[in-house]
Amino acid sequence: MPIVTFWNDERDQTGKTLTAVAVATRMAIERNYKVLLMSTSFRDSTMKNCFFGDEVQRNLKIFGGKSNNIAVENGIEGLIKLIAANKLTPNVITDYTKVIFKERLEIINGFLGAKEVTREEYEKIQKYYIDLIKVANQYYDMVLVDLDKLIPEKLRDEILNISNLNVYVLSQKKSSLDRYLIQRQKNANIGNPKTLPVIGKYIANTKYNSRNVMKYMQERKELNVVPFNILY
């Protein structure tokens, strides 16, 4: 089954997580796929806020969205403990997810951890992400990974290598476009044929609209964009 990773090495906000959320949601609504959306972040509530604000929760009930019985707030931590103990099986993962659309979309929020847990301690468990993605790929029709930009380079490359498609999310800023063009020549992961550039938080009514960006980047293929929606 396909693994799709959303990533970049930008310092600026590009809407990477929002792009992953938008794609996962649309896939779940329009296709009969069982999709898992997984965050690798550390104490970043972006994905959680997209789905679990009070108003969003009320709307999700229409589609059968609910939380599982197990303490899924820290689902990633529970799953990593199972991996470390060599007890994780594909069908168990769903017990640690949050259901957005029943039989269509489930998510695993990023690492929350207790307040006393430091980033250094968190980095010790990051190595288990590879195993989690591989096991999840045996159960779900599609696994979408929101790759945190602070993930170590070696681990990042491993995740990109096992992915079938890598979505590189950039912004409409000239600095972001210039960085992408430079890195495309230097970074094999960006220049790789399985890497797809996408503009996140796209606004059409600007100087750097998709047509002008295509000319600037000398891209012949139509550039993929995810429109910015303040209600989303």
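Reader: Which residues form one aromatic cluster with Trp 7?

Author: In this predicted model, one aromatic cluster holds Trp 7 and two tyrosines. Both tyrosines are buried. They are Tyr 168 and Tyr 180.

Reader: How many aromatic pairs does a search of the whole structure find, and what is the geometry of Tyr 139 and Tyr 140?

Author: The search of the whole structure gives four aromatic pairs. One of them joins Tyr 139 and Tyr 140, with 4.9 Å centre to centre and 80° between the planes. Planes over 60 degrees apart count as edge-to-face, so the pair of Tyr 139 and Tyr 140 is edge-to-face.

Reader: Is Tyr 139 buried or exposed, or in between?

Author: Buried requires under 20% relative accessible area, and exposed requires over 50%. Tyr 140, at 0%, is buried. Tyr 139 has 30% relative accessibility, so this residue counts as partly exposed.

Reader: What is the geometry of the pair formed by Tyr 168 and Tyr 180, and where do the two residues lie?

Author: The ring centres of Tyr 168 and Tyr 180 are 5.5 Å apart, with 45° between the planes, and the pair is tilted. The pair links distant parts of the chain, its members being twelve residues apart. Tyr 168 lies in strand E7 (residues 165–170) and Tyr 180 in helix H8 (residues 174–186).

Reader: Which residue forms a salt bridge with Arg 179, and how many residues apart in sequence are the parts that the pair ties together?

Author: Arg 179 forms a salt bridge with Asp 9, the closest N and O atoms being 3.4 Å apart. Arg 179 is in helix H8, whereas Asp 9 is in the loop between strand E1 (3–7) and helix H1 (16–30). The parts tied together are therefore 170 residues apart in sequence.

Reader: Which residues are linked with Lys 34 in a network of salt bridges?

Author: Lys 34 forms a salt bridge with Glu 103, with the closest N and O atoms 3.9 Å apart. Lys 34 lies in the loop between H1 and strand E2 (35–39), and Glu 103 in the loop between strand E4 (98–101) and strand E5 (105–108). At 13% relative accessibility Lys 34 counts as buried, whereas Glu 103, at 52%, counts as exposed. The network links Lys 34 with Glu 103 and Glu 106.

Reader: Where do Arg 156 and Glu 153 lie?

Author: Arg 156 forms a salt bridge with Glu 153, the closest N and O atoms being 3.9 Å apart. Arg 156 counts as buried at 12% relative accessibility, and Glu 153 counts as exposed at 55%. The two are three residues apart, about one turn of the helix, and both lie in helix H7 (residues 153–162).

How values were computed. Residues are numbered from 1 along each chain as its sequence is written. This is a predicted model: local features need pLDDT of at least 70, side-chain atom pairs count only at pLDDT 80 or more; totals for chains, interfaces and linings use all residues. Side-chain values use heavy atoms; hydrogens and water are left out. Rings of Phe, Tyr and Trp (its six-membered ring) pair if their centres lie within 6.5 Å; planes under 30 degrees apart count as stacked, over 60 as edge-to-face and the rest as tilted. Buried means under 20% relative accessible area, exposed over 50%, partly exposed in between (1.4 Å probe, protein chains only). Helices (H or I, at least four residues) and strands (E, at least two) are DSSP runs, numbered from the N terminus. A salt bridge is a side-chain nitrogen of Lys or Arg within 4 Å of a carboxyl oxygen of Asp or Glu.
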